[in-house]
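Please go through this model with me and set each description against the criterion behind it.

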Amino acid sequence: MIKVTGYAAKHSFSRLKPLEIERDEAGPQEVEIEVLFCGICHSDVHQVKNEWGNTVYPSMPGHEIVGRVTKAGSAVTRHLVGDLVGVGCMIDSCGTCGPCTNHEENYCEGPNSWLATYNGPMVPKAKAPDGTNIYGRDNTFGGYSNIVVVKEDFVLKIPPSLKPADAAPILCAGVTTYSPLKHFGVKAGDKVGVVGFGGLGDMAAKLAIGLGADVTIFTTTKEKIADAEHLGAKGIWEKDKEAFAALKASFDFILSTVPEKHDINPFIELLKRDSTIAVVGALEPMAPVNNMEVAFHRKSVAGSLIGSIAETQEVLDFCGANGIVPDIEIIPIQDVNHAYRKVEKGDVRFRYVIDMASLKAEIDDQQES
Ligand SMILES: [Zn+2]
Ligand SMILES: [Zn+2]
């Protein structure tokens, strides 16, 4: 067993505090990684507060992990000790179902679905049809910690052109937006709308611009319109009814990144005939969709969930090759509770990334006590 120090919440109402846990030593096909940076995703906040009703405590979040390989199991072939690597939202999947054999592990249809980097299988033991848990554990602990141990197939290579801290948000925010942009065929010259301008929206806009699209960002924060223009996109305030009327039936694709229930009907009206709006930010029931608008112009309302391991590597390489980097603010782990409050208020431009070197003070404390 390896002794690991991290930050975790013990209940839905508690703050994140230092916690010592144990991880298994790296098996033959696993690597041990010293965590250097970990992004703070809005879903970390949802999960810690049990807002999806499935949180297993203690909850140690973190699925935008960048670190260095410190040990490699005897059968590992893809990564060497010293490599700069990343770990995103998943650390395992059943490996045998249709989606898994088609390299779409994020849609794993195995009995427990995929194994999340923290909070255990997406379908935990109690809910699996035959009562078994193929991963043998009900909880997993994420990257708000000094060490993670992960199966090599779920470990990504960080291109040398990306700074380690910049790469972190690409592992969730990046792939979550890149996957639907690619799946729904966004190409150069397309008119693409991005709804919501937080961590996901920032990456969605930059990636769509990188693909050659003409991008418009819709935001509820008037002050962010200038940020949109700074990226090379158009910025529209969501309360600007005239602007909406002028954009009717003009978009080839719209991606909604708003991290909670919201009304997508005003955006459906902006789609061209046969075009799609995909929702990636919210996972709860949404406001009813006006099917008159959808049916009369054969529009589609779709969803999309993170991305596969292959797509995660692809988006890392795409960002590395095209100089696409998220806007980040690096913080010490001691500021994580304060950062959560800012994320909840939407008061962050645009992604917090924890510098895990700051955890050293806590580890020294643990060793002294
Ligand atoms: Zn995330
Ligand atoms: Zn599967």
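Q: Which residue of β14 is the bridge partner of Phe 251, and what makes β13 and β14 paired strands?
A: The bridge partner of Phe 251 in β14 is Leu 271. Strands are DSSP runs of E with at least two residues, helices are runs of H or I with at least four residues, and both are numbered from the N terminus; two strands pair if DSSP finds at least two bridges between them. Five bridges join β13 (residues 251-256) to β14 (residues 271-279), and the two run parallel, so the criterion of at least two bridges is met. This is a predicted model, in which local features need pLDDT of at least 70 and side-chain atom pairs count only at pLDDT 80 or more, while totals for chains, interfaces and linings use all residues. Residues are numbered from 1 along each chain as its sequence is written, and chains are lettered from A and ligands numbered from 1 in the order in which they are written.

Q: How do you know which strands are the edge strands of the sheet?
A: The six strands form an open sheet with parallel pairing, in the order β12-β11-β10-β13-β14-β15. The edge strands, β12 (234-237) and β15 (300-303), each pair on one side only. Within the sheet, β10 (residues 191-195) pairs with β11 in the parallel sense over five bridges, and Val 194 has Ile 217 as its bridge partner in β11.

Q: Why is strand β11 called largely enclosed?
A: A residue is buried if 20 or more other C-beta atoms, placed from the backbone, lie within 10 Å of its own, exposed if 12 or fewer do, and partly exposed in between. Five of the six residues of β11 (residues 214-219) are buried, so the strand is largely enclosed by the rest of the structure. Of the 369 residues of the protein, 46% count as buried.

Q: What makes the two domains touch, and how many residues are in contact?
A: The bounds, from an automatic or database domain assignment, give domain 1 (2-172 + 307-368) and domain 2 (174-303). With contact defined as C-beta atoms, placed from the backbone, within 7 Å, 20 residues of domain 1 are in contact with 14 residues of domain 2. Helix α10 (residues 309-322) gives the most to the domain 1 side, with six residues.

Q: Why is the protein called as compact as a globular protein of its length?
A: The globule rule is 2.2 Å times the number of residues to the power 0.38, and the radius of gyration is taken over C-alpha atoms. The rule gives 21 Å for 369 residues and the radius of gyration is 20 Å, close to that value, so the description holds.
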